[in-house]
Every structure is written in structure tokens, then in C-alpha cells.
2 protein chains.
Amino acid sequence: MPYLLCNAPDPEPIDCRILTAALDLYVEKGFHNVSIHDVQKQAGVSIGSIYKHFGGKEGIARALYTHLLNEMNEMIDSVLSAAQSPVEQCNRIIELLFQYCETRRNIIAYVFYAKHKEFIDDEEPICSAEPFKKMRAIVQQGIDDGNIKPCNSRVATASIFGGAIRLIHLRLDGVIDQPLPELYSDLIDATWHGMLA
Amino acid sequence: MPYLLCNAPDPEPIDCRILTAALDLYVEKGFHNVSIHDVQKQAGVSIGSIYKHFGGKEGIARALYTHLLNEMNEMIDSVLSAAQSPVEQCNRIIELLFQYCETRRNIIAYVFYAKHKEFIDDEEPICSAEPFKKMRAIVQQGIDDGNIKPCNSRVATASIFGGAIRLIHLRLDGVIDQPLPELYSDLIDATWHGMLA
DNA sequence: GTCTATACGCTGATAGAC
DNA sequence: GTCTATCAGCGTATAGAC
């Protein structure tokens, strides 16, 4: 995977055109409501090329999946290498997710919102994927350090990131019309200090 | 809607058999991976009857949608009529959702997990539906009373219910193998008092 | 490597008997 | 009201030309 989808070289190579076209269509209409012909038309390539490169519709979805998880993963790694405390790392991840939700909407939608099990065979649930494991590891580290409240690590991770993910879903659904970064500080305060007045 | 799906009379009427069969199949395999013939077989009725009663595959999905939202709504109303404080009402809703997630798994999956926009035309996002509005109203009431921290009501609602919804998703995905009610008290503590140690 | 034309299967939907 | 048999259309995938 020589480059990230959002940093494609110019002129855009054919496989990249196919991926971005498919991503847009899958997110907008849902995987099952998109035909190979739709992708072919939008990408400006032929059906033959699509089968040559990805072996079919599901092949594109699987390639997208690994590709975008990879981007997620690099994002998490960049946060980790900044070497702050676990709490600050969690905050930074949420901050970046909120930014991406505005600037790279379809990537976030595909990773956080699509139901991959319904169209990609034998795929592990996405929360078992590398970036999500790392998020949980950060939380566990915070617990071990004594900075995060000691409790079931699933519960802790869900408590810390659940509100953010919920807001992302609502934003993607069009229920929230405010850009998420504007809600960041309120959410962070609620997450760490609780919702009691 | 004379009865709730989970309290169907005996012998089960034909439309109810269709709905429960479709619910099971839709949740297990995803709407688009289920054919009318699958539903017909599982429900033990004919295709003709299905078209007579619901007008087709999407008609079943729409009927399920309104039916199950109705059940959700009654659940919320029962909590509201118990007339506790908003904070206790929120806790009770989460407690019931966790219970339902174990005992009426498919109902929760269909309401909280399915992407209705992908197969039901012109449907409002589900969080605009009555039960979700009521949840937000409860939170707003708590803020007005001075019991819940005053902030953007979307953020507040997402903070309070986001962790629970996230755990429900993980449980439905098979990532968590512990029954959710066992995680209830940890989650509630985290929600109201925050995640700092 | 890229394309076009074609074949085949599946699925949603209907018509008409009981 | 319930059922079975049948149709028409779409969408995936392939074969073969350039």
C-alpha cells in the first residue's frame, strides 16, 4: 500500500480511481444499492479493469476496508508517538476523529458506520482490528498508570469513546448540523468529569 | 397495532409469523441478503400472503420498523410514568436496554443496529423517532432541574447514552461475551462521575 | 492492460387456481 | 384469503477483441 487514499499521486492511478469512486458510492447509497456498473461509470473505467484489479464488487470493498483501516492505524500511531499521557492520547484521538469527520467524511463513514459483515465474508468485527485494539490498549495503560478509573476495560473504552462515536454517527446521519470540533470541549469535560451538575 | 411482537397471541396469526421470521432473518443475514423466498420458507407461508399483507419485502421492513419503535416507545413511557428523577430515568432506560439486549436480542439489533436508510425509502433517521426524542427530553429536563451538567443537549445525551449504545453494538457484534447487565454498575458510575481515577 | 458484448442466475413481483 | 407457477429485469461475472 504505497500511498494513502487521501494523498493519491497525480495523475491518479486506475486502482485509486476505482477505490475512491466505490467509497463515495458505497457510503452514499449503501453497498448493496450500488452495482458494478455504477462504480464503473463513476470511476470512468471499464468493468474488465475492475475485475482485473479487484476481482469484483466484494473485492473492492475488502481492499477499501484494509486500506482505510491502514489510514486509521497510521493516525493512531502518530498520536502514540507524540508520547503524552494516555488521557491526552484519548483526547487527541477524539479530536482527530472529529476533524476527519468533517474533512474526510466518507473514510470515517466507511470505517465507523458501515456494516462490513453484511458484504465482506469472513471478516472479523472491525473493533477487533488493529486501531481499535490500540485504543483499548491506551485505556488499559491509563488504568495501569492510575490515571483512569479502574474498571472493566471494555466498559472504560466504551465510556471514553462511546460518546464521541455516538456523535459521529449522529453527524453522519445528518441529525447534528454543527461541525463536531465545536462540540469537542464539552464532550471531553463530560467524559472525564461525568455528567452530574 | 393490537399486540406487541413479543407478546403475540396463540395461535400466532399469520402476519405476526411473517414479521418474526423476517426480523430474525434480517438481523442475522442483513436485509439485502434475505430474499422473499427465505422469509416465505422460514415463516411457513406463501409468497402470495406476504404480498397480500405487506406488499413486498420493503413493506415488511417498514412494518417491523414502526412496530418495534412502538415497543421501544412503550418501554420509555413505562419508565417515565415511574416518575423518578431524570438521572434515575436515564439509568433505568439503560438497565432495560441491557436486559432486552439479552432477552430480545433481535429487537434491539433491528432498532439500534440496522441501517434503515439503506432499505426503507424516505424514512427519517431513527434518532428523530419518538423514543429517541423522549430520551433527549429527559436529559434536557435534568439539565433544567440542575441535576445534569449544563451543556449542549446533544452532547449530554450522547455522553449519557453513548457508552451504553457502544456496549450494545459490541455485544451484538459478539465482541463482548459477558451479558451486559453485569457491566451496568461500572458503566453508570463512569457516566455520571467520569473516567478519571 | 483495457475494453465491450454477452450469458447466466437470482430475486422481486404477478396472475390466476383453489 | 391462501397458495403455486411463471415472468421479467437486474446485476454479476466471463470471454474474447483490441
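Which residue of chain B comes closest to the rotation axis? B:Gly194 does, with its C-alpha at 1.9 Å.

This is a predicted model: local features need pLDDT of at least 70, side-chain atom pairs count only at pLDDT 80 or more, and totals for chains, interfaces and linings use all residues. Residues are numbered from 1 along each chain as its sequence is written, while chains are lettered from A and ligands numbered from 1 in the order in which they are written.

Chain B superposes on chain A by a rotation of 180° with 0.0 Å of shift along its axis, and the RMSD is 0.0 Å. The fit is by least squares on the C-alpha atoms of residues with pLDDT of at least 70 in both copies. The two copies are thus related as by a two-fold rotation axis. The same surface serves both: 100% of the contact residues of chain B recur in chain A.

In that contact, 42 residues of chain B meet 42 residues of chain A (C-beta atoms, placed from the backbone, within 7 Å). α8(B) gives the largest share of chain B's side, twelve residues. Helices are DSSP runs of H or I with at least four residues, numbered from the N terminus.

DNA strand D has 15 residues around it, each with its C-beta atom, placed from the backbone, within 6 Å. Among them, A:Ser35, A:Ile36, A:Gly56, B:Ser46 and B:Gly48 come nearest. α3(B) gives the most to this surface, four residues.

The two surfaces divide by residue class as follows.

| Surface | Nonpolar | Polar | Charged |
|---|---|---|---|
| Near DNA strand D | six residues | seven residues | two residues |
| Side of chain B that touches chain A | 21 residues | 14 residues | seven residues |

Ala, Val, Leu, Ile, Met, Phe, Trp, Tyr, Cys and Pro count as nonpolar, Asp, Glu, Lys and Arg as charged, and the others, Gly among them, as polar.

Technical notes: Helix = DSSP H or I, 4+ residues; strand = E, 2+ residues; numbered from the N terminus. Contact = placed C-beta atoms within 7 Å.
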